[in-house]
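Please give me a guided tour of this structure. I have it open in a viewer and would like to know what to select next and what is there.

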Amino acid sequence: MNNYLTSNIFRKVLASLSGLFLVTFLIGHLLGNLQLFIPGVEGQTQFNKYAFFMTTNPVVKLLSIITYSAIFLHIFITLYLVIQSKRARPVQYAVSNGKDNSSWSSRNMSVLGTVLLFFLIVHLKSFWYEMHFGEMPYQYLSDGTKIKDLHLITTSAFQNPFYTFFYVFCMVALSLHLKHGVESAIQTVGLKIPSYEKFFKYGAMLVAFSIPAVFASIPIYLYVSSL
Amino acid sequence: MSGLDLTLKIWRQKSSVDNGGFETYDVKGLNSHMSFLEMMDVLNEQLVTQNKEPVAFDHDCREGICGMCSMVINGRPHGPLKGTTTCQLHMRHFNNGDIITIEPWRAKAFPVIKDLVVDRSSFDRIIQSGGYISVNTGSAPDGNAIPIPKDIAEEAFDAAACIGCGACVATCKNASASLFVSAKVSQLSLLPQGQPERKERVNKMVAQMDSEGFGHCTNTGACEVECPKEISIEYIRKMNLDYNVNNIKS
Amino acid sequence: MILDSKIPDGPLESKWTKYKSTVPLVSPANKRKLEIIVVGTGLAGASAASSLAEMGYQVKSFCFQDSPRRAHSIAAQGGINAAKNYQNDGDSVYRLFYDTIKGGDYRSREANVYRLAEVSASIIDQCVAQGVPFAREYGGTLDNRSFGGVQVSRTFYARGQTGQQLLLGAYSALSRQISKGNVKMYNRHEMVDIVKIDGKARGVIVRNLLTGEFNRHFGHAVVLATGGYGNVYYLSTNAMGSNVTAAWKAYKKGAAFSNPCFTQIHPTCIPVSGEYQSKLTLMSESLRNDGRIWVPKKKGDNRSPNEIPEEERDYYLERRYPAFGNLVPRDVASRAAKERCDEGYGVGETGLAVYLDFENAINRLGKDIVSARYGNLFAMYDKITGDDPYSTPMRIFPAVHYTMGGLWVDYDLMTTVPGLYAIGECNFSDHGANRLGASALMQGLADGYFVLPYTIGKYLSQDIRTTPIKTDHEAFVEAENDAKERNKKLLNNNGNRSVESFHRDLGKIVWDYCGMSRNESSLVTAIEDIKQLREKFWKDVKVLGDEKSYNPELDKAGRVADFFELGELMMRDALERNESCGGHFREEYQTKEGEALRDDEEYTFASTWEFKGVNHPPILHKEDLDFKTVHPTQRSYK
């Protein structure tokens with residue numbers, strides 16, 4: 001068991017499980033974001049109430065701690081593995097021809113991961129930081145109470161074409177990251193059994209395509225509506 | 001028949017402590033029926049006449065089974081052909097005027113000995129750590145005492161077909177030996193004879209693989225594409241499952 | 001020199017059982033003190049080293065390859081014979097024994113062959129227990145195929161890679177003993193001499209091929225499992241590194257060498273395509289089950305085979321041997337192909353090939369069935385030649401494949417040097433003048449797993465008082481100096497020609513004059529040719545690089561030097577044997593129809609040669625072969 005905890009396979013299992021957990025987080029996050037499609041004041045109200053709930057509910061808080069831990073674990077463990085992989089081949093090939101034997105995304109998970117990390121920082125700064133520590137505008141509800149207007153922050157952020165493009169670009173990176181990551185994670189834990197191979201393969205492709213696509217559709221919708 | 005003229009960029013390294021670098025050689029008038037290694041023989045013959053030391057490379061059976069030949073040809077272990085070792089690659093797959101870059105297997109666990117020759121004794125040590133069934137000579141029951149379903153025997157054979165060349169490590173972006181190790185683990189864990197030591201075997205072999213300095217597996221699948229025996233990464237999955245289940249249970 | 005085969009008394013069937021029950025044993029406490037050197041890690045070497053280590057001996061194992069798993073046993077395709085009678089087709093130990101004796105053209109020793117047949121069944125059990133994935137029936141039991149013209153199905157196989165699977169089994173057993181510390185393994189080490197003290201083998205000098213260093217190793221006994229010498233022909237199906245050096249050094253240190261002229265030529269190999277060719281690739285014999293062999297009826301007909309109409313084709317095997325047709329034994333098929341090519345009917349760029357045609361089979365059975373039977377072979381052929389055998393006939397030609405001759409050994413597998421053993425292809429014992437298909441693997445593993453571990457105890461039980469001899473003993477020093485001297489000579493020769501070019505020339509002489517057929521006058525000339533070439537070699541060979549680092553050229557030079565001497569001995573042996581038998585066909589001794597003519601009156605013996613110096617003729621000793629159970633008959637395939 002001691003050997004297990006320091007083995008590469010266990011490290012990969014941690015990366016896989018944290019990654020798969022983050023996929024469930026993405027699905028939850030995405031469902032929340034879908035409220036941005038609701039037009040008018042009704043949409044604004046619902047979204048802001050939802051944001052308020054998400055930042056104050058103790059259960060959500062607990063979940064968010066788990067999510068942050070998963071993110072840190074994922075980053076930490078994959079970073080470790082990347083360094084180790086560099087060490088495993090101290091002299092690189094002069095000519096390498098990976099395109100003939102593997103997909104681009106599978107060979108560039110760390111690049112994609114880095115893009116996503118950068119996205120995460122920008123994204124957290126734009127919304128999470130503002131929500132918690134920023135000078136937020138307020139929405140005054142019909143019952144007289146006021147609530148932080150994250151909806152306004154969001155919709156105005158995506159009036160900027162560059163910011164929208166950046167977001168969409170990062171969703172492409174996310175898609176590629178998921179395309180290899182989900183299937184690979186299932187293989188790493190040992191569950192990609194041949195009789196279900198197609199199920200896992202297409203399932204992973206579905207996840208990899210649909211989640212980032214729906215995520216990306218929101219800023220595009222917001223940008224287009226702002227025109 | 002018109003001959004084939006090639007330019008070869010070959011990694012030359014005097015010894016394991018030497019830094020090494022590329023040298024460029026021209027070979028002319030090759031017959032396209034030659035194997036890649038016969039082309040190397042022609043080059044070496046040419047170098048000897050020029051009083052230059054021939055290029056050292058590993059090779060033995062030259063029929064694709066011993067696993068000794070090991071060259072990365074234009075960025076691919078054993079060259080461009082699927083399911084083919086370097087010795088079975090023929091020059092008809094190259095064109096007149098091609099520039100071919102030839103490098104040794106690159107991995108920390110496969111240090112270069114000289115030129116294109118690397119030390120693969122790490123593979124031996126992995127097998128020594130547990131890649132066997134403990135049965136002394138003379139103590140075996142009758143061969144038919146344990147029936148083994150045909151499909152299981154076939155699957156075990158597919159894994160056992162590994163020639164231990166190391167192309168999987170050479171091509172893996174992380175220099176992982178997972179395909180090699182999992183092939184042996186799976187061969188023995190599929191068979192009833194391998195059950196008594198099944199758990200111990202996978203634990204020991206995985207530990208040895210890690211301690212030799214091989215990288216981890218990121219499931220790019222490059223190894224199964226480059227494997228001259230086309231061994232499937234399904235065996236890696238099997239090994240992972242075995243390893244995970246064993247250790248979580250305990 | 002007295003050749004005492006030490007065959008135990010008693011009836012053939014009980015010799016080995018009685019031997020095993022009465023042979024002196026070595027106690028476990030003493031085994032720990034006894035050191036055994038095993039050179040070579042093929043089927044025989046790896047199985048012997050692991051079995052001896054399991055028994056408690058201290059074993060040192062050497063191989064010149066980068067790993068013990070690379071030994072050339074790995075390339076054997078077809079299978080391994082064993083008298084299991086799982087097919088209920090009437091097989092028995094006696095039948096396997098009989099087939100082997102007959103297949104060997106009555107030039108092997110009855111007692112050894114019987115023992116081989118006896119232990120064959122245990123080999124299968126052992127290998128199955130090790131996890132060798134033999135082919136299975138749907139019911140889960142072991143499958144068999146028939147092989148090489150015998151009437152029973154007794155060949156166990158693992159697809160077309162039986163040798164690989166068996167070797168990996170032996171390698172795993174060896175690896176287990178290495179991990180336990182019972183075997184000390186030396187990869188990339190080549191044995192360069194035997195050390196003899198007081199007439200007994202007491203150790204070896206090895207050269208670390210990576211550093212060029214020489215090391216001395218003591219052993220209470222030395223076991224050679226170093227394979228055959230087919231590479232004397234330069235082109236053969238052997239691996240590039242296969243060599244005679246270890247066996248040759250033993251010969252020069254007093255171990256007699258038997259029947260060197262008995263070499264097996266396999267009829268279905270991919271032909272030579274040019275001067276650059278470095279090795280030949282075997283295509284399984286099974287192809288002859290459905291393929292038809294032919295050449296054009298017109299000399300020098302260079303039309304493409306598909307343009308040659310049926311009536312202009314000469315199906316010469318079917319013509320000459322109507323009863324067996326394309327399925328005549330290896331030696332007969334090989335000679336017939338050579339005869340056609342010598343007459344100028346050969347095909348292909350070099351004229352040294354005949355067609356093996358599947359058109360008929362494809363028309364009769366359909367492409368799918370042909371593909372199911374031979375698909376992998378067709379693909380291999382296509383890979384090597386670039387031709388598609390489904391649409392154009394294969395070109396094939398015979399090639400050197402196996403050497404039946406080797407170091408003389410007695411029933412204990414001990415050479416004429418006490419304490420020096422030879423097992424596997426390296427010895428001469430079991431195949432006579434011709435080996436049956438799927439019997440090489442059987443012999444290698446029989447020797448290593450089940451024979452030597454018993455017989456070596458007989459010698460070692462008398463040696464328990466010998467304490468390890470220090471390797472600064474003068475015999476070690478002298479042997480090492482000799483080897484060093486030789487290397488220096490090769491390196492400082494400053495000649496003009498590469499080792500490879502000399503090897504190629506030697507191979508051509510041996511192939512032309514001591515290949516598929518031999519005759520007196522050309523053998524006499526060839527002996528002189530080899531001598532001259534050898535002298536030229538020592539004057540003009542150029543070996544670059546240095547002795548202190550990895551230098552494959554130097555390794556090769558040492559091996560080729562030994563091949564020169566062996567080649568000469570082969571010629572002498574062929575010249576001396578005035579008969580045709582098995583792999584040895586003397587043109588003077590044939591029937592009117594061109595078939596081999598054996599001379600049982602004069603030549604029922606193993607020609608056994610004693611070394612008397614490089615420039616002195618060796619002395620011939622004869623071990624008479626006494627056929628008590630089987631009575632020699634003439635083979636006929638008409």
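**A sheet in chain C**

Select strand S2 (residues 58-62) of chain C together with S5(C): the two run parallel and are joined by 4 bridges. Keep in mind throughout that this is a predicted model. Within this pair, show the side chains of C:Phe62 and C:Tyr186, since C:Phe62 stands opposite C:Tyr186 in S5(C).

Now widen the selection to the whole sheet. It is open, has 5 strands in the order S5-S2-S1-S9-S17 of chain C, and its pairing is parallel. Which strands stand at the edges? They are strand S5 (183-186) and strand S17 (420-422) of chain C; each has a single partner strand, so one side of each is left without a neighbour in the sheet. Look along the sheet to see the twist, which averages 20° from one strand to the next.

Add helix H12 (residues 440-460) of chain C. This helix lies across strand S9 (221-224) and S17 of chain C, and runs at about 150° to S9(C).

**Domains of chain C**

Colour chain C by its domain assignment. Domain 1 takes in 35-79 + 98-132 + 162-264 + 402-460, domain 2 is 267-399, and domain 3 is 476-603. The C-alpha centres of domain 2 and domain 3 of chain C are 30 Å apart. Where they meet, 5 residues of domain 2 of chain C are in contact with 5 residues of domain 3 of chain C. Select helix H9 (residues 330-342) of chain C next: it supplies 4 residues, the largest share of the side of domain 2 that touches domain 3. By class, that side of domain 2 has 1 nonpolar, 1 polar and 3 charged residues.

**Chain B on its own**

Hide the other chains and show chain B. It has 8 helices and 7 strands, and its C-alpha atoms fill a box of roughly 60 × 40 × 35 Å along the principal axes. Of the 250 residues in chain B, 63% are buried. Among its contacts between residues at least 6 apart in sequence, 70% join residues at least 24 apart.

**Chain B against chain C**

Bring chain C back. How many residues does each chain give to the contact? Chain B gives 65 residues and chain C gives 64 residues. On the chain B side, select helix H1 (36-49), strand S6 (112-114), helix H2 (121-128), helix H3 (150-160) and helix H5 (178-190), each of which supplies at least two residues. H1(B) gives the most, with 6 residues. This side of chain B divides into 29 nonpolar, 22 polar and 14 charged residues.

**Chain B against chain A**

Swap chain C for chain A. Here 38 residues of chain B are in contact with 37 residues of chain A. Select strand S5 (99-103), helix H6 (198-211), helix H7 (222-226) and helix H8 (234-249) of chain B, the elements that give two or more residues to this side. H8(B) has the largest share, 7 residues. The classes on this side of chain B are 12 nonpolar, 17 polar and 9 charged.

**The nonpolar cores**

Finally, show all chains. The largest nonpolar core has 286 residues, and those with the most contacts inside it are B:Val169, C:Val223, C:Leu224, C:Leu407 and C:Tyr421. Centre the view on B:Val169: beyond its neighbours within four places in sequence, its contacts include B:Trp105, B:Phe110, B:Phe180 and B:Phe214. Another core, of 23 residues, lies apart from the largest one; among its residues are A:Ala173, A:Leu174, A:Leu178 and A:Val207.

Methods. Residues are numbered from 1 along each chain as its sequence is written. Chains are lettered from A and ligands numbered from 1 in the order in which they are written. This is a predicted model: local features need pLDDT of at least 70, side-chain atom pairs count only at pLDDT 80 or more; totals for chains, interfaces and linings use all residues. Domain bounds come from an automatic or database domain assignment. Two residues are in contact if their C-beta atoms, placed from the backbone, lie within 7 Å. Ala, Val, Leu, Ile, Met, Phe, Trp, Tyr, Cys and Pro count as nonpolar, Asp, Glu, Lys and Arg as charged, and the others, Gly among them, as polar. A nonpolar core is a set of buried Ala, Val, Leu, Ile, Met, Phe, Trp, Tyr and Cys residues joined through C-beta atoms within 7 Å. A residue is buried if 20 or more other C-beta atoms lie within 10 Å of its own, exposed if 12 or fewer, and partly exposed in between; C-beta atoms are placed from the backbone. Two strands pair if DSSP finds at least two bridges between them. Axes are lines fitted to C-alpha atoms, for helices over the stretch in contact, and angles run from 0 to 180 degrees between N-to-C directions.
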